[in-house]
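Open the model in your viewer and keep the selection tool at hand. The tour below goes from one selection to the next and says what is there.

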Amino acid sequence: MARRLEPLTLANLGELPLPCRDCAFWELDPVAVRQAVRNGDTGLEKEAWLSQLLLDWGPAGFVLSVDDDPAGFVIYAPAKYLPRIHAFPTAPVSPDAVVLATGRIQPRYLGLGLGKILVQAVAKDVLKRGFRALEAFGDSRWDGPGCVWPTEFLRAVGFGVVREHPRNPRLRLDLRSAITWRSEMEAAVERLMGAIRPEKSPHAPVTVRDALRSGPE
């Protein structure tokens, strides 16, 4: 099975699963979200948010495909671009961190370690941009797909709690620690990919293997 990571852009926003492609949970404050839902404008608000973020900061998400089938995604950004943060009781986020906002793996691809691959790709990109950490808000009562990461998942991929809360703790991943994943992740990707992929053109999308092998600049 061939796996490919592509930056999230307006061109592939439609590859996000429903309802994620039209969800503005993180992109608007709670009052604005309710208004957008009433007006049926959440999809347009998400497109406007992503367009502005791409202009201001650059790509802030990945879409992960398996054999050209969208298998999962992740979205991350500096705190100032995520108004929802202010509604969490464990806010604010540390100034040296980027927020791992949300993401999802399609049910048919669960159990393959793809969530960890997405977090690793984000960690490497954020480290290149000069940030020291990723932070995220967990859901300790998670009972199904939603807009907030399960606390257990965040712990499993290396995050540690920096501010406790019974429902929404804030967790942090030091990016220097994330570098130590590389050998483990490369081995896992080799097992998943199986056969050696054909050589790509200079403009081909980045494969998962390439993303993990390229060290921080």
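A residue is called buried when its relative accessible area is under 20%, exposed when it is over 50%, and partly exposed in between, with a 1.4 Å probe and protein chains only. Helices (H or I, at least four residues) and strands (E, at least two) are DSSP runs, numbered from the N terminus. This is a predicted model, in which local features need pLDDT of at least 70 and side-chain atom pairs count only at pLDDT 80 or more, while totals for chains, interfaces and linings use all residues. Residues are numbered from 1 along each chain as its sequence is written, and side-chain values use heavy atoms, with hydrogens and water left out.

**The whole chain**

Start with everything selected. The chain holds 7 helices and 8 strands. Of its 217 residues, 47% count as buried. A contact means heavy atoms within 4.5 Å. Among contacts between residues at least 6 apart in sequence, 72% join residues at least 24 apart.

**Helix 2**

Next, select residues 42–56, which form helix 2. The expected span of a helix is 1.5 Å times one less than its number of residues. For the 15 residues of helix 2 this gives 21 Å, and its end C-alpha atoms are 21 Å apart, which agrees.

Which residues of helix 2 are buried? Thr-42, Gly-43, Lys-46, Trp-49, Leu-50 and Leu-53 are. They lie on the same side of helix 2, because they cover an arc of only 125° around the axis; the arc is that of the directions from the helix axis to the C-beta atoms. An α-helix has 3.6 residues a turn, so residues three or four places apart point the same way.

Now turn to the other side of helix 2, where Leu-44 and Leu-55 are exposed. To see what the buried residues of helix 2 pack against, add helix 1 (30–39) and strand 3 (69–77). After helix 2 comes Gly-58, with a positive phi near 100°.

**Salt bridges**

A salt bridge here is a side-chain nitrogen of Lys or Arg within 4 Å of a carboxyl oxygen of Asp or Glu. By this rule there are 9 salt bridges.

Stay with Lys-46 and add Glu-27: the two form a salt bridge, and their closest N and O atoms are 2.9 Å apart. Lys-46 lies in helix 2 and Glu-27 in the loop between strand 1 (3–7) and helix 1, so the pair ties together parts that are 19 residues apart in sequence. Lys-46 has 4% relative accessibility and counts as buried. Glu-27, at 7%, also counts as buried.

Move to Asp-69 and Arg-108, whose side chains meet in a salt bridge with an N to O distance of 3.0 Å. Asp-69 is in strand 3 and Arg-108 in the loop between strand 4 (97–105) and helix 3 (114–128), 39 residues apart. Is each of them buried, partly exposed or exposed? Asp-69 is partly exposed at 23%, and Arg-108 is exposed at 52%.

Then pick Glu-135 and Arg-170, whose side chains meet in a salt bridge at 2.8 Å, N to O. Glu-135 is in strand 5 (residues 133–139) and Arg-170 in strand 8 (residues 170–174), so this pair ties together parts 35 residues apart in sequence. Both Glu-135 and Arg-170 are buried. Add Asp-96 and Arg-172 to the selection: salt bridges that share partners join them with Glu-135 and Arg-170 into one network.

**Pocket**

On a 1 Å grid over the protein atoms alone, a cavity is a set of points where a 1.4 Å probe fits but cannot get out, and a pocket is an open set with protein on both sides within 12 Å along at least five of seven lines; lining residues have an atom within 4 Å of a point. Grid points are joined across faces, edges and corners, and a volume is the space filled by probe spheres set on the points.

Select Arg-104, Ile-105, Leu-110, Trp-142 and Phe-153: of the 23 residues that line the largest pocket, these are the closest to its centre. The largest pocket holds about 480 Å³ of space. Strand 4, helix 3 and strand 6 (149–150) each supply at least two residues of its lining.

**Cavity**

The whole structure has 2 cavities of 30 Å³ or more. The second largest cavity has a volume of about 40 Å³. Its lining includes Glu-15, Val-63, Phe-73 and Gln-106. Strand 3 gives the largest share of that lining, 4 residues.
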